[in-house]
Amino acid sequence: MDLKNIIRSRATVDGTFVRVDHFLNHTVDPVIMTAIGADIAVRTADLDYELILTAEASGIAPALATAAATAKPMIYARKTVEKPMDDAWARAVDSPSKGRSYLLNIKHTALAPGTKVLIVDDFLSTGSSAIALGEMVEEAGAEVVRQVFVIEKAFNSGREELARRGWETDAIATVVDVVDGQIVLDESP
């Protein structure tokens, strides 16, 4: 699977928003998603982790595909709007694509201290969801071993924000810019 070519041919642009909701995170193409899970499995084969974590809802498909490819369990942080769930770690997250805030919640029983965690999500943009997930992992006494994203928007500050926290980051495809409605991808392997 060549995700860059799929993005070039099927993604759309709305301002600086890269829309992939007709094959990645609303309508899910199972062939593409299975290949994404296999790619992430290869990228993380050298890591020692026990659990895959993502955010509800659009991260579930790539995280589940990764779980299937690695035979490792997966959990997701649930979204709530008004108040945190009982017995859970929670973080507020602003969603630029939705124009509102929400809470991500991880139940205490789902994440044990000492667990080595791989975070998988669909997009890295500003890093707000990734930071929230990483902070909750650390609050639980667990460890973030790496964060892997299907698509990174490099013209935003997400990667730098994660690096400031000491979290290793990887992305399958990197959008370096959006110019005149066209997606510009990093062409390095």
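**Exercise 1. A patch on the surface**

Task: Which residues form a nonpolar patch on the surface, and what is their accessible area together?

Solution. The model used here is predicted.
Step 1. The nonpolar patch on the surface is made of V176, V179 and V184. Together they have about 190 Å² of accessible area.
Step 2. Place one member. V176 sits in strand β9.
Step 3. Classify V176. Its relative accessible area is 36%. Buried needs under 20% and exposed needs over 50%. V176 is therefore partly exposed.

**Exercise 2. Strand β9 and its partners**

Task: Which strands pair with β9, and in which sense, parallel or antiparallel?

Solution.
Step 1. Find the strand. β9 covers residues 169-179. Of its 11 residues, 8 are buried, and the strand is mostly covered.
Step 2. Take β8, residues 143-153. β8 and β9 run parallel and are joined by 6 bridges. One pair to locate is E152 with its bridge partner T174 in β9.
Step 3. Take β10, residues 182-185. β10 pairs with β9 in the antiparallel sense, over 4 bridges. Here D177 has V184 in β10 as its bridge partner.
Step 4. Look at the turn. β9 and β10 form a hairpin, with 2 residues between them. D180 lies in this turn and has a positive phi of about 50°.

**Exercise 3. The length of helix α4**

Task: What span should α4 have at 1.5 Å a residue, and how far apart are its end C-alpha atoms?

Solution.
Step 1. Count residues. α4 has 12.
Step 2. Use one less than that number, times 1.5 Å. The expected span is 16 Å.
Step 3. Compare. The end C-alpha atoms are 16 Å apart, so the two values agree.
Step 4. List the buried residues of α4: S129, A130, I131, A132, L133, G134, M136 and V137.
Step 5. Go past the helix. G141 follows α4 and has a positive phi, near 85°.

**Exercise 4. T126 and its distant contacts**

Task: Where does T126 lie, and which residues does it contact beyond its neighbours within four places in sequence?

Solution.
Step 1. Locate T126. It is in the loop between β7 (116-124) and α4 (128-139).
Step 2. Classify T126. Its relative accessible area is 33%, so T126 is partly exposed.
Step 3. List the contacts. With neighbours within four places left aside, T126 touches N156, S157, G158 and E161.
Step 4. Check one pair. T126 and S157 are 31 residues apart in sequence. In space, their C-alpha atoms are 5.2 Å apart.

Technical notes:
Residues are numbered from 1 along each chain as its sequence is written. This is a predicted model: local features need pLDDT of at least 70, side-chain atom pairs count only at pLDDT 80 or more; totals for chains, interfaces and linings use all residues. Side-chain values use heavy atoms; hydrogens and water are left out. Buried means under 20% relative accessible area, exposed over 50%, partly exposed in between (1.4 Å probe, protein chains only). Two strands pair if DSSP finds at least two bridges between them. Patches are made of residues with over 30% relative accessible area and no salt bridge: like charges are joined within 9 Å, nonpolar side chains (Val, Leu, Ile, Met, Phe, Trp, Tyr) within 5 Å. Accessible areas come from the Shrake-Rupley method with a 1.4 Å probe; for residues, only the protein chains shown count as cover. A salt bridge is a side-chain nitrogen of Lys or Arg within 4 Å of a carboxyl oxygen of Asp or Glu. Contact means heavy atoms within 4.5 Å.
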